[in-house]
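Please read these notes with the model open beside you. They are numbered so that each point can be checked in turn.

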Amino acid sequence: MRDARNSSVISRIQRIHSPLGILVLAVCSLLLLSGCGGPAGGSRAGHAEREPAVIGTDGSPESRVVAAIYRELLTAAGQKVRTADTAYASPTHTAQAVVDGEISIAPAYESTMLRALPGGQTMPGNMEATLSMALPPGIVALPAAAAQRGLVVAVTKATADRYGLRGLDDLGAAKDRLTLGGPASGDPGAPSAASLKKAYGVTLTPAGTSRTADVLVLRSGDPALARGGLVVLGDPESVVPPEHVFPLISAPAVDATGRAALARVNDPLTTGQLATLAASVEAGEAPGKAARTWLRARGLLR
């Protein structure tokens with residue numbers, strides 16, 4: 001009986017040629033279709049309405065330009081992304097915001113991240129595995145880029161040529177007593193005269209934060225490195241904690257396609273390239289513009 005009544009109603013609607021009748025028919029058809037979509041239709045609707053992933057930064061030139069690189073790559077991969085309205089106070093605060101669910105993605109740094117985690121003070125032999133085990137469920141450390149934002153030990157080209165310096169292990173062969181200083185010499189994890197003596201058997205005289213020291217401890221984004229004139233010394237004993245930059249993400253926020261897109265930057269983004277990009281942003285270039293120019297020059301973005 002109910003089927004007969006429904007058939008009668010539809011027949012009457014079909015005989016109505018007025019605009020109102022056409023509108024009624026359209027609404028009826030829409031309701032019928034929406035009830036027959038099944039799970040696949042619901043899944044597509046959910047994907048279309050997915051909230052944009054939110055990228056956070058600590059406000060530094062390095063963090064802002066790396067976040068812009070992530071945003072460009074994810075957007076090109078078809079993901080909706082936006083940048084958080086405000087910057088966080090430090091890389092540690094930005095990472096904590098990912099863990100707390102305030103943001104979805106952030107540039108993070110290995111040793112800084114590890115120090116912020118419970119029981120993470122000891123430097124491991126396998127940083128990637130250690131971070132994966134230490135992070136809470138649902139938070140993922142994607143593979144790191146070659147670039148580091150951490151600390152480097154450098155000398156002027158003149159000093160390197162005079163003493164034949166290419167690595168920290170060469171310092172012991174210097175005939176003169178060299179001084180150790182630099183603007184980052186007081187940073188957490190900075191190599192001290194004592195730690196360098198223990199690792200390399202070299203005796204250096206502490207010179208505080210002076211930029212005139214023979215051996216300089218610098219942040220890898222220091223504009224002085226981008227300007228040239230300095231030689232970064234190798235560190236075969238890993239006295240300087242590794243601080244490779246990597247995407248810290250909330251697992252649901254970035255799908256497999258997005259993760260593959262982010263991984264494309266790992267090899268070409270070196271410490272030197274990051275220093276140059278950061279110097280451009282510090283000089284006033286918009287992070288997005290710097291990121292797009294750099295990515296296009298390497299064939300990573302159309």
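1. A crossing of two helices is called left-handed if the near helix is turned anticlockwise from the far one by less than a right angle, and right-handed if clockwise. Helices (H or I, at least four residues) and strands (E, at least two) are DSSP runs, numbered from the N terminus. By the handedness rule, α4 passes α11 in a right-handed crossing.

2. The model is predicted: local features need pLDDT of at least 70, side-chain atom pairs count only at pLDDT 80 or more, and totals for chains, interfaces and linings use all residues. Residues are numbered from 1 along each chain as its sequence is written, and side-chain values use heavy atoms, with hydrogens and water left out.

3. For the overall picture, the protein has 13 helices and ten strands. Of its 302 residues, 41% count as buried, where buried means under 20% relative accessible area, exposed over 50%, and partly exposed in between (1.4 Å probe, protein chains only). A contact means heavy atoms within 4.5 Å. Among the contacts with a separation of 6 or more, 78% are between residues 24 or more positions apart.

4. Most of this note concerns helix α4, residues 61–76. Does its length fit the number of residues, or what span should be expected? The expected span of a helix is 1.5 Å times one less than its number of residues. For the 16 residues of α4 that gives 22 Å, and the end C-alpha atoms are 23 Å apart, which agrees. Just after the helix, G78 takes a positive phi of about 95°.

5. How many of the 16 residues of α4 are buried? The count is twelve, so the helix is mostly covered. The buried residues include P61, E62 and S63 at the start of the list, and also Y70, L73 and L74.

6. Two of the buried residues of α4 are glutamates that can be looked at one by one. E62 lies in α4 and counts as buried because its relative accessibility is 10%. Leaving out residues up to four places away in sequence, E62 touches Y109, R149, G221, L274 and A278. E72 is also in α4, and its relative accessible area of 13% makes it buried. With the same kind of sequence neighbours left out, E72 touches G288, A291, R292, L295 and L301.

7. The partner in the first helix pair is α11, residues 256–263. The axes of α4 and α11 come within 9 Å and cross at roughly 135°. Axes are lines fitted to C-alpha atoms, for helices over the stretch in contact, and angles run from 0 to 180 degrees between N-to-C directions. Angles under 35 degrees count as roughly parallel, over 145 as roughly antiparallel, 65 to 115 as roughly perpendicular and the rest as oblique. The two helices are therefore oblique to each other.

8. In this pair, Y70, L73 and L74 of α4 meet G258, A261 and L262 of α11. By class, the contact has five nonpolar, one polar and no charged residues. Here Ala, Val, Leu, Ile, Met, Phe, Trp, Tyr, Cys and Pro count as nonpolar, Asp, Glu, Lys and Arg as charged, and the others, Gly among them, as polar.

9. A263 also belongs to α11. At 37% relative accessibility, A263 counts as partly exposed. Its C-alpha atom is separated by 7.0 Å from that of P143, 120 residues apart along the chain.

10. The second pair joins α4 with α13, residues 287–297: the helices pack at an angle of about 60°, with their axes 8 Å apart. That angle makes α4 oblique to α13. The crossing is right-handed. Residues of α4 in this contact include R64, E72 and L73, and those of α13 include P287, R292 and W294. By class, the contact has nine nonpolar, one polar and four charged residues.

11. A last point is the loop between β9 (230–232) and β10 (245–250), which holds S238. S238 has a positive phi of about 55° although it is not a glycine, and at 53% relative accessibility S238 counts as exposed. E237 is found in this loop too. E237 touches A199 and Y200, not counting residues up to four places away in sequence.
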